[in-house]
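Student: Please take me through one part of this structure closely. I would like the ligand site, and then whatever else helps me read the two chains.

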Amino acid sequence: MHVPERAAADSAARELAAFLESRREQIAQRWADAPLFRTVFTVSRDEAVEACKAVVDALSEVASSGRLESVGAPGFGPVREQLGHMAASRSRSGFTPGQIADEAAGLRAVAVELLHGEAQGPPEREAPDVLLALTVLMGTLRLVLMETAVSAGEELIARQQLQLLEVATPVISLWDGIIGVPLIGTLDSARSQVVMESLLQAIVEQRARYAILDITGVPTVDSLVAQHLMKTVAAARLMGAECIVSGIRPAIAQTIVHLGIDLSSVLTRSSLADALAYALARQGIEVFRRADGASPR
Amino acid sequence: MTPASEPATVTSLPIGSDADLAWVRHQVRQFAAELGFGLVQQTKIVTAASELARNTLVHGGGGQAQIHPLHHGPARGLRLLFTDTGPGIRDVELAMTDGYTTGGGLGLGLSGAKRLVDELSVETEPGQGTVVTVVAWVTRAPAVRPGLG
Ligand SMILES: Nc1ncnc2c1ncn2[C@@H]1O[C@H](COP(=O)(O)OP(=O)(O)OP(=O)(O)O)[C@@H](O)[C@H]1O
Ligand SMILES: [Mg+2]
């Protein structure tokens, strides 16, 4: 970049800063009606206007520092949290980062319109430069918002994973004193910790003597999963409950043997029904079909 | 080994978290199924991959997995590479022993994985990192070998 060009760019940035400062109120009033602000700051219109003013202030700060293209400009600092809140709120309403960025692009038109109004009378020579500076700055704001939207999305995913952890480990009561945990999906360390906790709690709450861990829905049993299972069984035993692992499919049984895992300390049954029959029998309960074949009344 | 008769594409996957391990298992299963591995074989190779990828993550500090589909004439197979730039393994023979662990595991990952595939080799240099390579071939019509379990 030539030196004169740089000087021109700097003066355009300064002029833009001055424009944003002087038109702060008008811009804020009009942005407050844009969906990006209106739907996020719902307490009152004043709340939305204040939020808009904070963004205008940040933009004029960035403009006066001359770092129009810098996503990391310190001027954005004071509103980063607010922008993150806005992005998170929009993404919770089902908007993608791209759609949120489009909403931010909509804010530019308002500012451009006001800038054009400024240039009434004899067209000023610098006006196109200021317009360019404004366009660049609004593009940068869009990127900042997009950045926060993406991290808000990541947060959402992490939260959903956590929810899934808890939802996917129900402890069901099968019979008086017999509980069952159908395990489905990957049994990583975080997941097996949740399983262990909810199982032990259920043992206490339901005074369970038998706990059936059904692994029909676990696709892979490697040494770590096996270790988790053995620890869970040992912990349940300490609580006075006997664990039965059911649902070991033939392919998994062969693989466990080749891996060299010794599950002989763990009571296993091939199906949940077998495990339940075992637990019932141990309680002195026998299940059989009535000789006359009639269904009970 | 003879050169592959078909230029097969290589898939590289990062290993940096538990979620990555789940994705590696998923991808390996997908490739194995497409190449015609039976259910038991699929389960074996996926389990071996799970062990080795976890070693890459836990002992190697993260790295990557590579999946190479193999086409040798009518034969179909998979070569998997697990690469890290971690501390390396000082004594490979010891590490391959059943029950040997430096990290409170069962010590069955490496030795067990070897029994689940056709070939397993370890290239490692203390301080430089580790590459574990495994190869498994699709077995046609599971042969009944008398006298063997
Ligand atoms: N990629 C690696 N980098 C460095 N050391 C490794 C690597 N892979 C294995 N090792 C070493 O070899 C040992 C044996 O590995 P192995 O997978 O058999 O057992 P483990 O990981 O300790 O326990 P687990 O049975 O849970 O897998 C490990 O404890 C570790 O010291
Ligand atoms: Mg291991």
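Tutor: Here is the ligand site, followed by chain B and some details of chain A.

This is a predicted model, in which local features need pLDDT of at least 70, side-chain atom pairs count only at pLDDT 80 or more, and totals for chains, interfaces and linings use all residues. Residues are numbered from 1 along each chain as its sequence is written, chains are lettered from A and ligands numbered from 1 in the order in which they are written, and side-chain values use heavy atoms, with hydrogens and water left out.

Start with the site. Residues from chains A and B surround ligand 1, so the two chains share the site. The shell holds 19 residues. A residue is near a molecule if one of its heavy atoms lies within 4 Å of it. Those that come nearest are B:Asn55, B:His59, B:Thr101, B:Thr102 and B:Gly107. Sorted by class, the shell has 6 nonpolar, 11 polar and 2 charged residues. Here Ala, Val, Leu, Ile, Met, Phe, Trp, Tyr, Cys and Pro count as nonpolar, Asp, Glu, Lys and Arg as charged, and the others, Gly among them, as polar. In chain B, helix 2 (39–58) and helix 4 (109–116) each supply at least two shell residues. Helices (H or I, at least four residues) and strands (E, at least two) are DSSP runs, numbered from the N terminus.

Now the atoms. B:Asp84 has a polar side-chain atom 2.9 Å from a nitrogen atom of ligand 1. At B:Leu110, a backbone N or O atom lies 2.9 Å from an oxygen atom of the ligand. From chain A, a polar side-chain atom of A:Ser223 lies 3.3 Å from an oxygen atom of ligand 1. On its own, ligand 1 has 600 Å² of accessible area, and the protein covers 93% of this. Accessible areas come from the Shrake-Rupley method with a 1.4 Å probe; for residues, only the protein chains shown count as cover.

Next, chain B as a whole. It has 4 helices and 5 strands. From the N terminus on, they run β-α-α-β-β-α-α-β-β. Of its 149 residues, 43% are buried (under 20% relative accessible area; exposed is over 50%, partly exposed in between). B:His68 lies in strand 2 (residues 63–72) of chain B. Its relative accessible area is 17%, so B:His68 is buried. The side chains of B:His68 and B:Gln66 make a polar contact at 3.1 Å. Such a contact is a pair of N or O atoms within 3.5 Å; within protein, one must be able to donate a hydrogen and the other to accept it, and residues adjacent in sequence count only if both atoms are side-chain atoms.

Last, the rings of chain A. Over all chains, the structure holds 2 aromatic pairs. A:Trp31 and A:Phe37 are stacked, at 6.2 Å centre to centre and 10° between the planes. Rings of Phe, Tyr and Trp (its six-membered ring) pair if their centres lie within 6.5 Å; planes under 30 degrees apart count as stacked, over 60 as edge-to-face and the rest as tilted. A:Phe37 and A:Phe41 have ring centres 6.3 Å apart and planes at 25°, so this pair is stacked too. A:Trp31, A:Phe37 and A:Phe41 thus belong to one aromatic cluster. A:Trp31 is buried, at 1% relative accessibility. Both A:Phe37 and A:Phe41 are buried.

Note on methods:
Buried means under 20% relative accessible area, exposed over 50%, partly exposed in between (1.4 Å probe, protein chains only).
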